[in-house]
Structures are given as C-alpha cells and as structure tokens.
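Me: I have a model open and would like to learn how to read it, feature by feature. Can we start with single residues and work outward?

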Amino acid sequence: MTPMLRPLALAAIALASAAPALAQSNPGMTSRGQPVHIMKDSAADRVVRVVYQRELSFVRIELREPGAALNQHPFPVSADALRALLARVQLPGEKEALWNAQELDEIAPPLASALAQASAEQDVSFATAGQHGLLGPLAPKLTTTARIFRRDGQLQLIVGLVRQDIGSAFRGSGVLGPIEVGKRAAPVDSGTQLGIAPEFGRLQRGDWVVLRLDAAAPAAVPPLPAAPAAGWGAPPAGVPAAAPVPPAPPADADAIARSVGERLKALQKLRDAGLVTEQEYQEKRREILKTL
C-alpha cells in the first residue's frame with residue numbers, strides 16, 4: 001500500500017443488534033454531537049444476513065422482492081471476475097466508471113462470497129462509499145448502492161443511489177437516512193442513466209444493467225496494490241511480495257509549496273462548509289504539512 005492510500009473505512013462497525021434486519025449502523029461521529037437517528041431502508045425487513053459491513057459500505061443477502069422470479073443462485077464467481085464486470089458500468093455523462101478502484105477492491109470479495117451463499121429465493125444488495133473528483137483523499141465519501149442477482153444466465157445489476165453524500169449529511173444532522181438499493185419495480189432515482197458497451201452487456205432500464213458473464217475480462221480500472229480488507233484473506237503462501245516502487249524524483253520547492261497550499265485551501269473550504277469536523281480538519285492539516 002502506498003503512503004497516500006488509506007483503508008476505505010477507519011474500522012469495521014458491529015451490527016446494531018443480533019437480529020440481521022438492519023444493515024445500516026452508525027457511520028461515525030456527528031459534527032456537533034447531535035443524537036443519532038438511523039432510518040431503515042425499505043428492504044431492511046427482508047435482510048437474511050449481513051455478509052460485510054464497514055462504515056457506509058455493506059453487502060447483505062435478502063429475500064428477493066415480492067413477486068420476483070426465482071434467481072439462478074447460488075452463483076459461484078471469483079472476486080476478480082466480478083470486479084471486472086462491475087468495472088464496465090459507466091456514468092455516460094462523465095465518461096467514467098461508476099465505481100473507482102478502491103470501491104471495487106473493497107466490495108468484490110464479500111460480494112462474490114454473498115452470491116455464492118444466496119439461494120434462489122434471495123437477492124444480494126450492496127453499498128459502497130468512495131471518494132471521487134479532484135480533491136482525492138480530502139473529498140467526502142459518496143455512497144452508491146445496487147441490487148445484484150443472476151437470472152436468465154446473466155448477471156442483473158439494479159443501481160439505487162448514485163454517489164450520494166450521505167456521510168456529510170449525517171455528520172451535520174445526526175440523521176442517517178434510508179440507504180435504498182435498486183428495485184425491480186421502479187428506479188430509486190428516475191434520473192439515473194447508466195452506460196455499458198454492447199460487448200459487455202445491455203441496459204434493461206436506465207438504472208438496470210444486464211451484464212454478460214462471458215465478458216468478465218480485465219477492465220480499465222486496475223486493482224490497487226492495497227492490503228486486503230479485514231477478514232478477506234492474505235496473499236497465498238509462497239507468493240513473494242511485490243517489489244517496492246522506486247521513489248519519484250523530488251519536485252522543486254515552488255511546486256511543492258503550490259501543491260500543499262492548494263490542499264490546505266481545499267481542506268479549509270470543507271471545514272467552513274461543515275463537511276469535516278474541527279478534529280478531522282486538524283488531523284488532515286497535520287498530515288498535509290508533514291509532506292513538506
């Protein structure tokens with residue numbers, strides 16, 4: 001893992017209770033110490049098991065939606081093949097993959113495990129929280145959700161929320177709204193319009209992508225050289241660690257000063273807008289200054 005990459009969440013969060021009905025839990029501290037109120041999503045009562053959960057990311061197995069046809073489950077698929085399929089889904093207007101490399105590296109292993117465990121009467125749903133845009137590690141984590149299942153010999157993906165800033169809203173209000181996953185009956189957001197190249201799948205609806213299982217080849221979003229998430233294994237015995245990447249040549253003093261200054265200004269804007277707490281601001285500020 002390179003020094004600038006951090007785990008996608010600070011720590012694994014335990015479920016709110018022993019019952020598997022809720023896959024949403026407290027994602028962290030509020031900015032003003034408000035009481036926390038967590039709202040259930042519409043599928044919470046159908047959740048059978050939470051396979052993975054960390055901050056605003058989760059993978060869960062739930063009973064299929066009422067009236068839905070039986071799925072072709074269990075579906076054994078490798079994490080690498082699943083990652084390659086998901087990497088093909090795009091945001092057409094922005095001409096980029098819906099999920100970034102960090103999100104795919106985090107979610108693919110538990111998602112593959114859930115699909116292998118699910119029965120014909122069950123769907124798999126998931127949420128990711130990734131940082132996008134020019135601010136990099138200073139950007140807020142944006143939540144994307146989806147429902148995924150195998151039917152008619154293809155992998156069906158119905159996206160719910162698309163890059164919603166749920167975490168910042170929670171820190172400002174103390175209320176964690178329902179994290180809705182995709183639905184067969186109707187889009188969660190009628191404005192969602194995804195993209196997929198014909199050789200990799202087709203659109204069933206703006207938010208619904210049918211992925212070709214014979215197209216699970218390496219995609220354009222390369223995996224990160226990051227350590228595996230907690231609970232999801234380690235490199236096989238006998239496989240040597242990757243050689244360290246040689247350090248880049250030192251930048252000149254003016255370039256370093258400009259870079260640090262821009263990052264500090266961006267961080268201050270986030271604090272002034274209430275998107276990060278004073279404690280988070282001070283911690284990030286110290287980290288940036290250490291790069292001098």
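Me: Is leucine 104 buried or exposed, and why?

Reply: This is a predicted model, so the values that follow are computed from predicted coordinates. Burial is read from relative accessible area, and buried means under 20%. Leucine 104 has 0% relative accessibility and therefore counts as buried. This residue belongs to helix H2, which covers residues 101-117.

Me: Which residue is 21 positions away from leucine 104 along the chain, and what separates the two C-alpha atoms?

Reply: The partner is arginine 83, and the C-alpha atoms are 5.9 Å apart. Both residues take part in the contact between helices H1 and H2.

Me: How do I describe the way H1 and H2 are packed?

Reply: Two packed helices are described by the angle between their axes and the distance between the axes. Here the axes of H1 (residues 79-86) and H2 come within 8 Å and cross at roughly 125°. That angle is why H1 is called oblique to H2. The crossing is right-handed.

Me: Which residues of H1 and H2 meet?

Reply: H1 contributes Ala79, Leu82, Arg83 and Leu86. From H2 come Ala101, Leu104, Asp105, Ala108, Pro109, Leu111, Ala112 and Leu115. Sorted by class, this contact has 10 nonpolar residues, two charged ones and no polar ones.

Me: How many of the residues of H1 are buried, and what do they pack against?

Reply: Six of the eight residues in H1 are buried, leaving the helix mostly covered. They are Ala81, Leu82, Arg83, Ala84, Leu85 and Leu86. Their packing partners are H2, E7, E8 and strand E11 (208-211).

Me: Strand E7 is on that list. Where does threonine 145 sit, and which backbone atoms does its side chain reach?

Reply: Threonine 145 lies in strand E7, residues 141-151. Its relative accessibility is 0%, so threonine 145 counts as buried. For polar contacts, look for pairs of N or O atoms within 3.5 Å. The side chain of threonine 145 reaches the backbone nitrogen of leucine 161 at 2.8 Å and the backbone oxygen of glutamate 180 at 2.6 Å.

Me: What else does threonine 145 touch, beyond residues up to four places away in sequence?

Reply: The neighbours include Phe126 and Ala127, then Ile158, Val159 and Gly160, and also Ile179, Val181 and Gly182. Leucine 161 and glutamate 180, the two polar partners, are on that list as well.

Me: Now a loop residue. Where is glutamine 164, and why is it called partly exposed?

Reply: Glutamine 164 is in the loop between strand E8 (154-159) and helix H3 (166-173). Because its relative accessible area is 36%, glutamine 164 is partly exposed. A polar atom of its side chain lies 3.2 Å from the backbone oxygen of valine 162. Outside its neighbours within four places in sequence, glutamine 164 contacts Lys141, Leu142 and Thr143. Its C-alpha atom is 6.7 Å from that of threonine 144, which is 20 residues away along the chain.

Me: Finally, what are the figures for the protein chain?

Reply: The chain has five helices and 11 strands. Of its 292 residues, 42% count as buried. Among contacts with a separation of 6 or more, 67% join residues 24 or more positions apart.

Definitions and conventions
Residues are numbered from 1 along each chain as its sequence is written. This is a predicted model: local features need pLDDT of at least 70, side-chain atom pairs count only at pLDDT 80 or more; totals for chains, interfaces and linings use all residues. Side-chain values use heavy atoms; hydrogens and water are left out. Helices (H or I, at least four residues) and strands (E, at least two) are DSSP runs, numbered from the N terminus. Buried means under 20% relative accessible area, exposed over 50%, partly exposed in between (1.4 Å probe, protein chains only). Axes are lines fitted to C-alpha atoms, for helices over the stretch in contact, and angles run from 0 to 180 degrees between N-to-C directions. Angles under 35 degrees count as roughly parallel, over 145 as roughly antiparallel, 65 to 115 as roughly perpendicular and the rest as oblique. A crossing is left-handed if the near helix is turned anticlockwise from the far one by less than a right angle, and right-handed if clockwise. Contact means heavy atoms within 4.5 Å. Ala, Val, Leu, Ile, Met, Phe, Trp, Tyr, Cys and Pro count as nonpolar, Asp, Glu, Lys and Arg as charged, and the others, Gly among them, as polar. A polar contact is a pair of N or O atoms within 3.5 Å; within protein, one must be able to donate a hydrogen and the other to accept it, and residues adjacent in sequence count only if both atoms are side-chain atoms.
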